[in-house]
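Visitor: I should like to go through this structure by way of questions. Please show it first, and then let us begin with its charged side chains.

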Amino acid sequence: MFVRRRWTALATTSILITAGLFQPDPGVAAPTAPTVTLAPAETALVRVRLADEAQLARLVAGGADLANRPRSRDGHPVADLVLTGRQLADLTRQGATAVQIVQRADDGARRLAESARAAQARTRAGLRAADGVDTLQFLQAYWWTTGGKTFLQAQVATTATDDPDVEITVSWRTADGATGSFPLYRFEDSGEYQYHYALPQPVPGRPVQLTATSSLGGTSRPVTATLWPNATPPPQPAGYQKDFIDAYLTPVDIKARIARLGRQYRDLVDVIDLPNRTQGYRRTAAAYLGDPAVAAVVVESVRFGDQGMNGVQARTVDPGRPNRPLAVRYRDRVLTVSLATDGAGKVTSTTDDVAAAINARQGTRLRATVEDGSAGLPMPVAGPVRLDDGLQGAEVPARPWTVQALRIGKHRDGSRIGVLAYSQEHAREWATPLVTLEFAERLLANARTDAATRELLEQVDVFVIPTVNPDGANYSFHDYNFQRKNLVNHCAGTARDPRYRTSWGVDVNRNYTVGSLFDGYVGASANCLSGNYAGTAELSEAESRNVIDLAKAHPNIRFAMNVHSYGGYFMWPPGAYKADGRVTLPRPSIDESTLFLASARRIVGAIAAERGTVTWPSQTGPVADVLYSAAGNSADQLYYELGIFAWDFEVGNDRWNETTGQWEGVGFQPPFDEAHGESQEYAGGLIELVRVARDHAAARTTP
């Protein structure tokens with residue numbers, strides 16, 4: 001059995017069947033998979049080839065920590081999972097195979113130290129099959145070149161939507177006459193057929209003709225693959241300043257960077273203190289009174305550990321006399337529980353008795369819960385033990401945190417169209433603030449030397465929140481690098497057991513008001529230990545309220561980009577659906593869909609201009625179509641409630657490994673060289689977003 005406390009779910013229970021991982025070139029021998037090893041107690045982000053779809057369904061239903069949308073290889077789901085070695089061994093015994101260690105849990109601190117030293121939206125096939133032969137329709141056929149290699153990606157829909165055994169093959173021909181083919185894989189979501197697809201395939205040159213055939217005898221009409229994204233940003237002028245990122249930045253570092261930019265560019269930037277202070281890098285102090293392997297009670301402070309509760313001691317004692325009642329005393333920072341005895345002087349108190357007595361008599365200072373698995377057991381004589389909040393970040397201020405935003409522009413009065421870029425809603429996504437800070441500093445530094453940048457800042461009002469979730473980020477840097485959520489612990493009862501400390505918190509990007517869990521949409525959880533726990537109510541968290549309050553306070557904001565990692569996605573609303581019938585939030589109008597996709601092409605082209613990284617067309621489109629249902633995400637509230645064109649980046653695109661012939665993930669905290677590259681290319685994408693906003697405003701004012 002998996003230990004439940006180790007699982008934190010990122011994906012929705014609707015992800016049951018996934019689609020096509022890369023197939024090798026025809027005629028090339030399949031490479032030997034590298035050996036993947038993980039110590040039993042070690043935690044890592046692992047790419048795993050699962051035995052079947054049922055195994056994936058069990059993992060998702062059990063709250064597995066899925067890093068992005070699972071795919072499929074040779075008909076087997078392939079998923080990126082946060083696992084311990086024991087969990088990986090358990091999965092292996094059930095038929096799974098580890099493909100790649102994307103990142104180890106201890107990589108975060110090591111990489112932080114190293115760094116300090118250094119699409120479109122899809123349509124569904126709705127036609128009916130006739131006479132037993134299906135009809136095939138290409139939904140996507142794109143090619144591009146990156147790193148000197150050409151790739152082809154295709155999606156095809158069949159009218160035989162109810163037949164799970166339909167096989168589809170795409171055949172291609174290049175301009176110089178080379179030919180080849182590759183299989184597509186069926187993709188279903190929430191029990192409904194979507195299309196067949198595969199990951200990008202390497203081809204020897206520009207493909208000029210594609211056809212698709214099915215096992216039912218269907219044949220598509222020939223199509224010509226389109227160059228993707230077929231958009232190039234304006235060239236950067238000589239002397240254009242960039243590369244302002246030298247290392248991973250903690251929230252403390254980010255606050256210092258914001259202060260420095262505010263001083264250095266007083267004529268172009270305002271520093272905004274957002275109205276909702278977060279809890280801060282703080283937790284209550286706790287300790288096991290007793291032995292969790294035998295019987296124990298968790299004693300926890302009501303106040304945070306830094307508020308005088310770290311170091312408080314707790315103990316149980318045998319009074320040494322018969323017929324004594326259970327007694328609780330607190331004196332000189334020591335909690336003493338004198339256990340009850342019978343007529344023979346034998347201790348009779350249970351763990352439940354002790355927890356109830358502490359809560360009844362010291363409930364304003366301390367609270368107690370029975371350790372998970374110790375209910376009703378005899379309470380041992382134990383202690384003294386010291387309560388502690390367990391936090392390791394000694395340099396992090398132990399107080400509520402004021403989240404800050406930068407407002408950049410020549411006219412910061414609401415008279416110009418506004419663009420919002422915000423990042424690190426999820427704590428472990430260390431590269432994302434590097435993107436938004438590189439973006440901000442490029443605008444500020446080049447405003448004094450580059451006419452095009454000066455023009456942008458004359459016409460656009462830019463807002464940047466580098467870290468939405470500073471408390472969780474501090475915890476990720478100093479305590480547990482896979483932390484996703486904030487630090488607010490809404491758990492009760494045995495879920496407050498310290499063994500679950502890395503699973504506490506609220507997923508900030510599931511805490512918004514549109515298409516939320518509370519409205520019946522999928523992709524978030526009511527379980528406080530789940531990785532996508534939605535909180536106690538919509539906007540229950542200071543972090544999510546800050547994003548919305550900033551947008552509401554500045555109604556000139558018409559464009560927004562939420563920067564996440566990893567996987568290489570470019571997305572927009574709708575971001576959620578209801579499971580029955582896969583009913584999404586309303587689709588954008590034709591005109592707005594055209595704007596979303598046309599802007600995406602421009603921005604993807606700007607990203608690719610830096611080092612050739614191309615966000616795949618299959619991962620460009622509405623969140624609910626290209627990733628999964630994400631109930632209560634911020635982009636949906638910004639778009640549907642506030643009328644803001646809202647996008648999402650997932651930086652950290654998979655990298656092609658020519659040796660293994662596979663796409664490989666880079667993880668949440670890649671080696672700094674990769675994170676630096678992500679900051680440079682996606683900052684260029686944000687600059688292009690500002691140009692999109694400028695052009696949109698100009699078009700609206702043109703007679």
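Visitor: Which residue meets Arg 691 in a salt bridge?
Guide: This is a predicted model. Side chains of opposite charge can pair when their charged atoms come close. Here the side chain of Arg 691 forms a salt bridge, 2.8 Å being the value for another pair and 2.6 Å (N to O) the value for this one, whose partner is Glu 688.

Visitor: In which helix do Arg 691 and Glu 688 lie?
Guide: An α-helix has 3.6 residues a turn, so residues three or four places apart point the same way. Arg 691 and Glu 688 are three residues apart, about one turn of the helix. Both belong to the helix spanning residues 672-701, which is α14.

Visitor: Is Glu 688 buried or exposed?
Guide: A residue counts as buried under 20% relative accessible area. Arg 691 has 17% and is therefore buried. Glu 688 has a relative accessibility of 4%, so Glu 688 is likewise buried.

Visitor: Which residues are joined into one network with Glu 688 and Arg 691?
Guide: The network arises from salt bridges that share partners. Besides Glu 688 and Arg 691, its members are Arg 602, Arg 694 and Asp 695.

Visitor: How many salt bridges does the structure hold?
Guide: Among them is the pair Asp 507 and Arg 510, at 4.0 Å from N to O, and both of these residues are buried. Glu 188 and Arg 186 form another, and they too are buried. The total for the structure is 31.

Visitor: Why do the buried residues of α4 lie on the same side of the helix?
Guide: The buried residues of α4 are Pro 251, Ile 254, Arg 257, Ile 258, Leu 261 and Gly 262. They are on the same side of α4 because the arc they cover around the axis is only 135°.

Visitor: Which helices are included in what covers the buried residues of α4?
Guide: The cover includes the strands β14 (269-273) and β22 (404-408). The helices included are α7 (431-446) and α9 (470-478).

Visitor: Which strands are at the edges of the open sheet of four strands?
Guide: The sheet has mixed pairing and the order β18-β19-β17-β21. An edge strand here pairs on one side only, and this holds for β18 (327-331) and β21 (385-386).

Visitor: Which helix lies across β18 and β19?
Guide: The two strands run antiparallel and are joined by five bridges, with Arg 331 opposite Val 334 in β19. The helix across them covers residues 351-362 and runs at about 50° to β18; it is α6.

Technical notes. Residues numbered from 1 in each chain as written. Predicted model: local features only at pLDDT ≥ 70, side-chain atom pairs only at ≥ 80, totals over all residues. Heavy atoms only, no water. Pairing = 2+ DSSP bridges. Contact = heavy atoms within 4.5 Å. Axes fitted to C-alpha atoms, helices over the stretch in contact; angles between N-to-C directions. Buried < 20%, exposed > 50% of the residue type's maximum accessible area, 1.4 Å probe, protein only. Arc of directions from axis to C-beta.
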